[in-house]
Structures are given as structure tokens and as C-alpha cells.
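Let's take a look at the aromatic rings in this protein and see who sits next to whom. Here is the molecule.

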Amino acid sequence: MTSVAISDLSLSFGSVEVLKSLNLEVEEGEFVVLLGPSGCGKSTLLNCIAGLLDVTAGQIFINDKNVTWEEPKDRGIGMVFQSYALYPQMSVEKNLSFGLRVAGLPKSEIRERVDRAAEILQIQPLLKRKPAALSGGQRQRVAIGRALVRDVNVFLFDEPLSNLDAKLRTDLRVELKRLHQRLGNTMIYVTHDQIEALTLADRIAVMKDGLIQQLDTPHGIYNNPVNRFVAGFIGSPGMNFISGTLEDKDDQWYLNASGVQLPLKGYAFSNTPQRGQEVEFGVRPEHILLSQAGAEQPITMQADTELVEPMGADTVLWTRVGDNTLTIRTDSESTVKTGDQISIGFNPARASLFALDGSRL
């Protein structure tokens, strides 16, 4: 069953188009993340779903009800903002119950909902405190709790973890995942942090210039990006790109890069390639192997190590092959040093090819 459906949604501020005939369907109980760089329209889309912005064209449905022109309070959604938006003069308990009291719910039901949210979020000991006496992570839990007490089917999150430090972000990310598994509600989450997107989402909608570039599972987005933008945006370090032209010989396709022919055996073309076509060949840092393991791959070459970057659990090597810089993610026990020449190899079956217009080949 579809929980949230967006049909041909457009929004403009004057002559500036922010969202462009955008379509999206979110299934009931699904966790969908809107991911993209600043200015891509992801928060604008979320605010349209919430009813905080009037759309220029298109329709929004929540649980099969057309809510395009409904007030936010009538849409059956709970929203969590980046800035917490807590009332500083009220205790945690009163922050959680404020909206319910304004709506005129019975005191017994208010108490039941507040207690349930406090138990789920493990903030029972904080109920009598005011926001000033809470840490950033505790304040964000209260902000989430204020959405939970509304007892709705759809929750909207607008970069809720971006104000927290790295450790707290990791902890709350895990808590959000557990919360979704426990509640089973539909959740739409906006972030520019790809780690949040990959770890939280059932599906990710990668956005650019007011359009969804790709909507897929984290595995699909990461391993089969539909265009050059998605490939380059997802991954840290980012995907390596080698420019060249396509050649075929004896029913086998090759990439001609800087005068070296690289066999593309095993690569599954999505579109028909053309002889002499200019392309970009993309391979992720963790798919490039060193020494003996690399020598067993279909494509092998020599690389000069320019920088070694220890990352704790693994090591990132910044290398140069001809005119191309390649990053390689390898084991933390790697003994490669700056200035070393190393043998590397990779399998084109795990790579991506893109035409000059950015589309996947």
C-alpha cells in the first residue's frame, strides 16, 4: 500500500524552479531518504509534503487522501526539525504534551502517549528537566518524542542529526533505525550525509536540481549508479574516473586511456556502446586490489603512491597512473609508503561506464 504519493510536483519562487514535475511513491512502513547536495530541493520537497510550502503544480497524497491544500495539522504527519524547536520555558514533559493539550485530548490519553514516547526514547528520567539542562542528543530525542506522541502514520525528518557531534550522530542514527524497526511507520528523512542515507534507508532518492536522479536501495545506488552524478556523489572516498574512448577488437570491447588498452571483459552494458565513443570509466576505491590479488584481475597496471592516509580500520592510498589520480582503499595493515610503485588490478564487471552526457552505458 502506498503511504505517500507525489504526482508531477513543481514549485517555483518567482522565475526560479526549485522542484520540476517530480514524482515519488513511498510504501507503507518504508524508510525513504532524500539525499543530495545543498540547494537540490530535498528540504523543499519535505516541506511541501508537510504543508509548510504551497506547491506551484502537482498533487500530494497521504494514505490515499489528497492533502495538496490541507493544513499541516490535518495531514496526519509528525515532523522533526534540524533545530529541535523546543519551548525553553517548558519541561520535557510539557514540550511533549503541548500539542496534545492544545488539541484538547483527555489528560489520561496525553499521559499515556507521553509515557509511551518517553519509554521508547529512554528519556523518562528527563521529563522534569528544561531544554537548557539537556545535551544536544537528549534535546533531539525530545524533538523526536514530540512527533511520536502525535500517533501518526508518517514521520518527516529534516536533517535532525546535523547539529550533533560525530559520536552522537552515530549513536542516534542507530536509535532511529531501531525506532523504525519497532514502530514500522513510514519515515521520510532528509540529509546531505551519504553515510546516514546508506545506513538508514530502505530506499534512497538521490536529488539534483529539483529532480530525483535515482530511486533505489542503498545497494543499487552504490553499485549501479544510473548516471555520473550519482556515481560521483555516493562513496567516500569518491569513485575514481578514467577518461578514454571505446574500441572493439575480436568481439571484445576495450577502453583506450592514455594509449593503454584496458579490456572490459565482464562489463554488462546497459546501452549499446559505439566504437570511438568518449566515455568515463568509474571504479570504486575498495574494488582496486594490490599486489598478488590485483595481478589476478582482468585489468592490471602500475601506480605511483603519492600519499598514504591511515583511517584506522583501513588505509587510503592516493596514487597516480599516467594522467589519472586513483584512490585505493586497502587494509589497515598495508605497508605501502609514499613514493612506492605498486601493482594494482580491478575487475571491470564491478565498474561503471558513463557517456559524456553522464548517462550509464
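## Rings and their neighbours

Phe 269 is partly exposed, with a relative accessible area of 26%; partly exposed is the range between buried (under 20%) and exposed (over 50%), using a 1.4 Å probe and protein chains only. Keep in mind that this is a predicted model, where local features need pLDDT of at least 70, side-chain atom pairs count only at pLDDT 80 or more, and totals for chains, interfaces and linings use all residues. Residues are numbered from 1 along each chain as its sequence is written, and side-chain values use heavy atoms, leaving out hydrogens and water.

So when do two rings count as a pair? Rings of Phe, Tyr and Trp (its six-membered ring) pair if their centres lie within 6.5 Å; planes under 30 degrees apart are stacked, over 60 edge-to-face, and the rest tilted. That rule gives 8 aromatic pairs here. Two of them look like this:

| Pair | Type | Centre to centre | Angle between planes |
|---|---|---|---|
| Phe 229 and Phe 233 | stacked | 5.6 Å | 20° |
| Tyr 267 and Phe 269 | edge-to-face | 5.0 Å | 80° |

Phe 229 and Phe 233 are 4 residues apart in helix H8 (residues 228-233), so about one helical turn separates them; helices are DSSP runs (H or I, at least four residues), numbered from the N terminus. Phe 229 is partly exposed at 22%, while Tyr 267 is buried at 8%.

Ring pairs also join Phe 31, Phe 157 and Tyr 189 into a cluster.

Charges turn up too: a charge sits over a ring if NZ of Lys or CZ of Arg is within 6 Å of the ring centre and within 35 degrees of the ring normal. Arg 228 lies over the face of Phe 241, 3.5 Å from the ring centre, and the charged end of Lys 249 sits over Tyr 254's ring, 5.4 Å from its centre.

Notes:
Helices (H or I, at least four residues) and strands (E, at least two) are DSSP runs, numbered from the N terminus.
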